[in-house]
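Subject: Structure handover

Hello,

Here is the structure I said I would pass on. Please open it first and keep it beside you while you read my notes below.

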Amino acid sequence: MQWHITDRCEEKCKHCYTAINSRKPIENELTFRDCRAVVDRLVEFCKILDARPRISFTGGDPFLRPDFIKIISYARRQGVACRIMGNAYFLNSSTVKKLAKLKILSYQISIDGLEDVHDAIRSKGSFKRSLEGIRKLQEAGIRTVMMMTLSKANAHQLKSVMTLASDYKVNVFAFARLCHTGSAEQNFNNVPDFFPEEYRKILLDALHHEKKLRDGGSITTLTKKDHLWALLFWELGYLRPEFIRSKKIIAGCSLGMNSFCVLPDGTTLACRRFPSKVGILPKQSLLEIYTSKELSKYRDVTKYKKCRKCELLRLCRGCPAVAHSVHGDCFAPDPQCWKK
């Protein structure tokens, strides 16, 4: 569960999914009691499935909820694995010690370029503050993740940011394509999308750069977050034949399958990056939401207009959110897919 527990935030990121950048309380944010009920719903559902519950807390900035640590503490007491996808604005020695004590899985901080580019996208001073936050987390023994939202505005610095992640001994580095939704719809309106072959070269260059860093002793893992990595690996001959022949979903987008998103008011989405409401928590049970017609339609992989004819259907399917941001249809072809 990716849980946006608040939309409040001190940063003013140009590609934020929401247009809300304020410290003002949101009137319809779930109460602490409701938040506990959401955790209970997740635990109850995972017991039915014999699955392991995990929450990725994010926002806005989750630390702008005064009860954020209490919410994590409750989730941990219920046996839920927790990680945080946030920024470094409120990270201090006291806070990271509390997070370490709660044994969170990881803390993800975004770096969207070197200082000039990153600060232009997020806010002045954010670059240095983010790197300082990574240091504080590492000193507390917390696993760190560096994330980059990729567009033509910063793709020229991808390898430099990968090197930065390696230099800072970040555990994991990942990047994902910008989606034209929320604030990005206006702020990146004049930024063109990648051409398919252009994006293929970006992935290939990143793969080669990862090897170069690894050969130099880097401990940072490049997470192959984008589903189009499967297409590149297929072309390079890295995929085992049984993966191609499988009739089960092995990889690719988890849309409607094993993850979902919860907004500050409890609205539950199939995906955060495009309109995909499937229910509301904690009013409904997760079993009710999971078996609903609204969510079930996203599990039908035969709906993908291009992918359904592809031998990589059960491994890739591109990014439905990026497809939706370009075509207005999450089942439309991924605009960066280069496979004919």
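Val301 sits in the loop between α12 (293-296) and α13. The model is a predicted one, so please read every value here as computed from it. With a relative accessible area of 11%, Val301 is buried, because the cut-off for that word is under 20%. Leaving aside residues up to four places away in sequence, Val301 touches Ile249, Met257, Arg308, Leu313 and Arg317. As a distance to check on screen, the C-alpha atoms of Val301 and Phe45 are separated by 24 Å, and these two residues are 256 apart along the chain.

Helix α13 covers residues 320-327, and Phe331 lies in the segment after α13. Phe331 is buried too, with a relative accessible area of 11%. Apart from residues up to four places away in sequence, its contacts are Lys297, Tyr298, Asp300, Lys303, Tyr304 and Lys305. The C-alpha atoms of Phe331 and Cys307 are 8.7 Å apart, with their positions 24 residues apart along the chain.

Cys307 turns up again in the second largest pocket, where it is one of the residues closest to the centre. That pocket has a volume of about 170 Å³. It is lined by 15 residues, and the closest to its centre are Lys306, Cys307, Cys310, Cys337 and Lys339. Sorted by class, its lining has eight nonpolar, one polar and six charged residues.

Next, the cavities. How many cavities of 30 Å³ or more does a search of the whole structure find? There are two.

The largest cavity holds about 110 Å³ of space. Its lining is made of 15 residues, and those nearest its centre are Leu150, Leu178, His180, Asp193 and Phe194. Helix α13 gives the most to this lining, with three residues. By class, the lining of the largest cavity has eight nonpolar, four polar and three charged residues.

Two of the residues nearest that centre, Leu178 and Phe194, are also contacts of Ser151. Ser151 lies in the loop between β5 (144-150) and α6. Is Ser151 buried or exposed? At 6% relative accessibility, Ser151 is buried. Beyond residues up to four places away in sequence, Ser151 touches Leu178, Phe188 and Phe194.

Another loop residue to look at is Thr181, between β6 and α7 (184-187). Thr181 has 18% relative accessibility and still counts as buried, because the limit is under 20%. With residues up to four places away in sequence not counted, Thr181 touches Cys16, Tyr17 and Arg273.

The second largest cavity holds about 60 Å³ of space. Its lining consists of Met162, Ser166, Phe173, Glu210, Leu213, Ser218, Thr220, Thr221 and Leu222. At least two of these residues come from each of α6 (158-167), α8 and β7. The class count for this lining is four nonpolar, four polar and one charged.

Helix α8 also takes part in a helix pair. Helix α8 (residues 196-215) packs against helix α9 (residues 229-236) at an angle of about 70°, and their axes are 10 Å apart. That angle makes α8 roughly perpendicular to α9, because 65 to 115 degrees counts as roughly perpendicular. On the α8 side, the contact is made by Arg200, Leu203, Leu204, Ala206 and Leu207. On the α9 side, it is made by Trp229, Leu232, Phe233, Glu235 and Leu236. The residues of this contact divide into eight nonpolar, no polar and two charged.

Which residues of α9 are buried? They are Trp229, Ala230, Leu231, Leu232 and Phe233. Their cover includes β6 (172-177), α8 and β7 (221-222). After α9 comes Gly237, which has a positive phi, near 80°.

If you want a route through the model, begin at Val301 in its loop, go on to the two cavities, and end with the pair α8 and α9.

Regards

How values were computed
Residues are numbered from 1 along each chain as its sequence is written. This is a predicted model: local features need pLDDT of at least 70, side-chain atom pairs count only at pLDDT 80 or more; totals for chains, interfaces and linings use all residues. Side-chain values use heavy atoms; hydrogens and water are left out. Axes are lines fitted to C-alpha atoms, for helices over the stretch in contact, and angles run from 0 to 180 degrees between N-to-C directions. Helices (H or I, at least four residues) and strands (E, at least two) are DSSP runs, numbered from the N terminus. Angles under 35 degrees count as roughly parallel, over 145 as roughly antiparallel, 65 to 115 as roughly perpendicular and the rest as oblique. Contact means heavy atoms within 4.5 Å. Ala, Val, Leu, Ile, Met, Phe, Trp, Tyr, Cys and Pro count as nonpolar, Asp, Glu, Lys and Arg as charged, and the others, Gly among them, as polar. Buried means under 20% relative accessible area, exposed over 50%, partly exposed in between (1.4 Å probe, protein chains only). On a 1 Å grid over the protein atoms alone, a cavity is a set of points where a 1.4 Å probe fits but cannot get out, and a pocket is an open set with protein on both sides within 12 Å along at least five of seven lines; lining residues have an atom within 4 Å of a point. Grid points are joined across faces, edges and corners, and a volume is the space filled by probe spheres set on the points.
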